[in-house]
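Please open the model in a viewer and keep the selection tool at hand. The stops below are meant to be followed in order.

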Amino acid sequence: TDEEQTIISLWDVVDELIVKRIPITTDGPIITTNGNSRSAIITNRRVITLDSDANEYKIHQMRGDIMCAASTVSGICGGTSKGVVFIIDQENDNIHEWSSVSSHAVTAITAMEEQPYVISGSNMGDITLWDIQKMDVVGIIHLSNATINHIHFENTFAIVTQHTTVNLLSI
């Protein structure tokens, strides 16, 4: 098959020992998140938490491929090729999904530090601010027709990259 076996190794970096190995099968890119207790590996529409339980959550194929992910105060949040934004609620072992009216592929996502919001970018150049507790859009702005490649949030600013352009937005 085209799928390859990959081993995720969780390390105790102080003692330089492997704590746990998680075998996964993948035929696509591997995305990671970081964030204290909310770290995860994402591949093939699967989110695997990197906690002691190593829980696995699956996004339905109709929702598209997972394009990006970020750790938030409320859980692991991500976006798909079909414009769906999701959050993994590890406390209740559930996945919540929603999208905006103009559902374009979500190509970048970042958490707004300790706030219940995420900022996503699309393949059509839109930046969307989401309230992840209400699972709703707060606002959308169109930067240009270029794909949003990366978003970084710091303090009250979002740094957004598109092809050869870097934008600084006040949020």
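The tour visits two sheets, an aromatic pair, a set of polar contacts and a loop residue.

The model is predicted, and local features are given only at pLDDT of at least 70, side-chain atom pairs only at pLDDT 80 or more, while totals for chains, interfaces and linings use all residues. Residues are numbered from 1 along each chain as its sequence is written, and side-chain values use heavy atoms, with hydrogens and water left out.

**First stop: the sheet β7-β8-β9-β10**

Select the open sheet of four strands ordered β7-β8-β9-β10, in which the pairing is antiparallel. Strands here are DSSP runs of E with at least two residues, numbered from the N terminus, and two strands pair if DSSP finds at least two bridges between them. The edges are taken by β7 and β10; each has a single partner strand, so one side of each lacks a neighbour in the sheet. From one strand to the next, the twist averages 20°, with axes taken as lines fitted to C-alpha atoms and angles running from 0 to 180 degrees between N-to-C directions.

Next, restrict the selection to β7, residues 66-71. Is this strand largely enclosed or open? Five of its six residues are buried, so the rest of the structure largely encloses β7; buried means under 20% relative accessible area, exposed over 50% and partly exposed in between, with a 1.4 Å probe and protein chains only.

Add β8, residues 76-80, which runs antiparallel to β7 and is joined to that strand by five bridges. Two positions help to follow the pairing: Ser-71 lies opposite Ile-76 of β8, and Ala-70 has Cys-77 as its bridge partner. Then move to the turn of this hairpin, where four residues lie between the strands and Gly-75 adopts a positive phi near 150°.

**Second stop: the aromatic pair**

Select Trp-98 and Trp-130, which form an edge-to-face pair with 6.1 Å between centres and 65° between planes. The structure holds one aromatic pair. The rings of Phe, Tyr and Trp (its six-membered ring) pair if their centres lie within 6.5 Å; planes under 30 degrees apart count as stacked, over 60 as edge-to-face and the rest as tilted. The pair links distant parts of the chain, with Trp-98 in β10 (residues 94-98) and Trp-130 in β13 (residues 126-131), 32 residues apart. Trp-98 is buried at 8% relative accessible area, and Trp-130 is buried at 2%.

**Third stop: the sheet β11-β12-β13-β14**

From Trp-130, widen the selection to the open sheet of four strands, β11-β12-β13-β14, with antiparallel pairing. At its edges stand β11 (106-111) and β14 (136-142), each with a single partner strand, so one side of each is left without a neighbour in the sheet. Within the sheet, β12 (residues 117-122) pairs with β13 in the antiparallel sense over five bridges. Tyr-117 faces Asp-131 of β13 across this pairing.

**Fourth stop: Thr-26**

Select Thr-26 in strand β2, a buried residue with a relative accessible area of 6%. Its side chain makes a polar contact of 2.5 Å with that of Thr-43 and another of 3.5 Å with that of Asn-44. A polar contact is a pair of N or O atoms within 3.5 Å; within protein, one must be able to donate a hydrogen and the other to accept it, and residues adjacent in sequence count only if both atoms are side-chain atoms.

**Last stop: Glu-16**

Finally, select Glu-16 in the loop between β1 (4-12) and β2 (17-26). Glu-16 counts as exposed, at 63% relative accessibility. A distance drawn from its C-alpha atom to that of Thr-147, 131 residues apart along the chain, gives 40 Å.
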